[in-house]
Amino acid sequence: MVNDFPLERDYDSIPANEFINEIKSWRIDNNDVGLIVYAGHGPVPTFYRLVGENEYVKEHVYAKEFKDLIDSINFGRLIFVHGACQAEMYLQQLSREGLEKNVVAIGAMSEMETGGITGAFRFLGNLTKGYSINEAFEDARKYASNEKIWQQPEHPVKYFYGKDDSWCNYESFFKYTKKQ
């Protein structure tokens, strides 16, 4: 999240309900830009919670639940990066659920693709270099779909929900700061 204060959370393993509660706790308002990155498996974000030494519980955050979460937050704009196979299926479902806030969503892969998330990581790296959202996505799309580089090219997708996407052309406001 940027503007009023930077907020960083990094979880390797978090239960789905903690993820939702964490986002609900953000002190964010309509002049802020939020960034949510999911990197995992499948079209529906799946959270794996360890419950024993070798046991885990699978929990999902479905599109309706995510849309309701986004609707409950007072933010200016949100960037959602869905880094998983078949990510476009989830973004399409968000459209069907009626997400209307200023959200740009980047899906690592088109609706029937499986593989890696090269494009999503390239997109995030581009944002920290000052690219606009549109420039960052276009470069990542070209890079990830280059058959000369990758044996299995990817085809990242971009969806916009809301009324005014002009902010996607602004210079990026995200800056990389190394952890100390």
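Biologist: How many strands does the open sheet have, and in what order do they stand?

Modeller: In this predicted model, the open sheet has four strands in the order β1-β4-β5-β6, and their pairing is mixed. β1 and β6 are at the edges with a single partner strand each, so one side of each has no neighbour in the sheet. On average, neighbouring strands of this sheet are turned by 15° against each other, ignoring direction.

Biologist: In which sense do β5 and β6 pair?

Modeller: They pair in the antiparallel sense, over five bridges. You can find the partners yourself: Gly107 stands opposite Val157 in β6, and Ile106 stands opposite Lys158 in β6.

Biologist: Which side chains of β6 are buried, and which are not?

Modeller: Follow the side chains along β6 and you will see them alternate. Val157, Tyr159 and Tyr161 point to one face and are buried, whereas Lys158 and Phe160 point to the other face and are not buried.

Biologist: Which helices should I look at beside the sheet?

Modeller: Begin with α4, residues 118–128, which lies across β1, β4 and β5 and runs at about 145° to β4. Then turn to α5, residues 133–144, which packs on the sheet and touches β4, β5 and β6. The direction of α5 makes about 155° with that of β6.

Biologist: And how do I read a single helix?

Modeller: Here is the general idea: an α-helix has 3.6 residues a turn, so residues three or four places apart point the same way. Now try helix α1, residues 16–24, where Ala16, Phe19, Ile20, Glu22 and Ile23 are buried. Seen down the axis of α1, these buried residues fall within an arc of 160°, so they line one face of the helix.

Biologist: Which residues touch the most other members of the largest nonpolar core?

Modeller: As general background, nonpolar side chains in soluble globular proteins tend to be buried together. In this structure the largest nonpolar core has 27 residues, and Ile36, Phe66, Phe80 and Leu94 touch the most other members. Elements giving two or more residues to this core include α1, β1, α2 and β4. Another core, of 18 residues, lies apart from it, with Leu124, Leu127, Ala136 and Cys168 among its residues.

Biologist: What is Phe80 in contact with, leaving aside its neighbours within four places in sequence?

Modeller: Its contacts include Ile36, Phe66 and Leu94, along with Tyr38, Tyr90 and Val103.

Biologist: How much of the protein chain is buried?

Modeller: Buried residues make up 44% of its 180 residues.

Conventions: Residues are numbered from 1 along each chain as its sequence is written. This is a predicted model: local features need pLDDT of at least 70, side-chain atom pairs count only at pLDDT 80 or more; totals for chains, interfaces and linings use all residues. Side-chain values use heavy atoms; hydrogens and water are left out. Buried means under 20% relative accessible area, exposed over 50%, partly exposed in between (1.4 Å probe, protein chains only). The arc is that of the directions from the helix axis to the C-beta atoms. A nonpolar core is a set of buried Ala, Val, Leu, Ile, Met, Phe, Trp, Tyr and Cys residues joined through side-chain atoms within 4.5 Å. Contact means heavy atoms within 4.5 Å. Two strands pair if DSSP finds at least two bridges between them. Axes are lines fitted to C-alpha atoms, for helices over the stretch in contact, and angles run from 0 to 180 degrees between N-to-C directions.
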